[in-house]
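Welcome to a short set of exercises with worked solutions. Keep the viewer open and try each task before reading on.

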Amino acid sequence: MKRKILITVALLVSFGAAFAYFAGIDGSWSAMLKGPDGNEFPITYTFKTGGTTLTGKVTSSIGSFDISDGIVKGDSLWFTANINTMKIKNIGRYYADGDSISLRVGTRSTHTTLKRSVGK
């Protein structure tokens, strides 16, 4: 009996992980990001995955910039936003159940939560 329960739980977890993988992070995501001066500004990330490779763009009021060095492993993601001459490292985690991405931006560890942009 315990074995059947364990197998059932393992299958449910596997299906949940597969759903998160197939739902993926491809598409447009938006958030409000707090700058060093404390002011908030809107920012949009557009992600495209191919296997474990992550590419895309970051768009804000100062322009649109490429993402490089992007990696996706399971629900974790890492990438660099190339904003003019700055290279800003980002580390995040995708939450399929809430359809959100928790993102740590840059060396100051600014944190934001990205929500999928509807209709984009």
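Relative accessible area sorts residues into three classes: buried means under 20%, exposed means over 50%, and partly exposed is what lies in between. Please bear in mind that this is a predicted model.

**Exercise 1. Find the partners of K57, R93 and R116 in salt bridges, and class the residues by accessibility.**

Solution.

Step 1. Begin with the total: searching the whole structure gives three salt bridges.

Step 2. Take K57, which pairs with D66; their closest N and O atoms are 2.5 Å apart. A salt bridge requires a side-chain nitrogen of Lys or Arg within 4 Å of a carboxyl oxygen of Asp or Glu, so a Lys–Asp pair is of the right kind. D66 has a relative accessibility of 42% and is therefore partly exposed. K57, at 37%, is partly exposed as well.

Step 3. Move on to R93, whose partner is D75, with 3.0 Å between the closest N and O atoms. R93 sits in strand β6 (residues 86-95), while D75 is in the loop between β4 (63-73) and β5 (76-83), so this salt bridge ties together parts 18 residues apart in sequence. R93 has a relative accessible area of 40% and is partly exposed; D75 is partly exposed at 28%.

Step 4. Finish with R116, which meets D99 in a salt bridge of 2.9 Å, N to O. This pair links distant parts of the chain: R116 belongs to strand β8 (residues 110-116) and D99 to the loop between β6 and β7 (100-105), 17 residues apart. R116 is partly exposed at 26%, and D99 is partly exposed at 27%.

**Exercise 2. Which residues touch the most other members of the largest nonpolar core, and which element gives the most to this core?**

Solution.

Step 1. The largest nonpolar core has 21 residues, and those touching the most other members are I25, Y45, F47, L77, F79, I101 and L114.

Step 2. Now look at the elements. Those that give two or more residues to this core are β1 (27-34), β2 (40-50), β3 (53-60), β4, β5 and β7. The most comes from β5, with four residues.

Step 3. Zoom in on I101. Setting aside residues up to four places away in sequence, I101 touches I25, W29, F47, L77, R93, Y94, T112, T113 and L114.

Step 4. For context, nonpolar side chains tend to be buried together in soluble globular proteins.

**Exercise 3. Work out how the rings of Y45, F47 and F79 are arranged.**

Solution.

Step 1. The structure has four aromatic pairs. One of them is Y45 with F47, a stacked pair with 5.8 Å centre to centre and 20° between the planes. Both Y45 and F47 are buried.

Step 2. The ring centres of F47 and F79 are 5.5 Å apart and the planes lie at 65°, so this pair is edge-to-face. The pair links distant parts of the chain, from F47 in strand β2 to F79 in strand β5, 32 residues apart.

Step 3. Put the pairs together: Y45, F47 and F79 make up one aromatic cluster.

**Exercise 4. Is N82 buried or exposed, and which side chain does N82 join in a polar contact?**

Solution.

Step 1. N82 lies in strand β5. With a relative accessibility of 17%, N82 counts as buried.

Step 2. A polar contact of 2.9 Å joins the N82 side chain to that of S68.

Step 3. Leaving out neighbours within four places in sequence, the contacts of N82 are F65, D66, I67, S68 and K87.

Conventions. Residues numbered from 1 in each chain as written. Predicted model: local features only at pLDDT ≥ 70, side-chain atom pairs only at ≥ 80, totals over all residues. Heavy atoms only, no water. Buried < 20%, exposed > 50% of the residue type's maximum accessible area, 1.4 Å probe, protein only. Core = buried A, V, L, I, M, F, W, Y, C linked by side-chain atoms within 4.5 Å. Contact = heavy atoms within 4.5 Å. Polar contact = N/O pair within 3.5 Å; in protein donor to acceptor, adjacent residues only side chain to side chain. Phe/Tyr/Trp six-rings, centres within 6.5 Å; stacked < 30°, edge-to-face > 60°.
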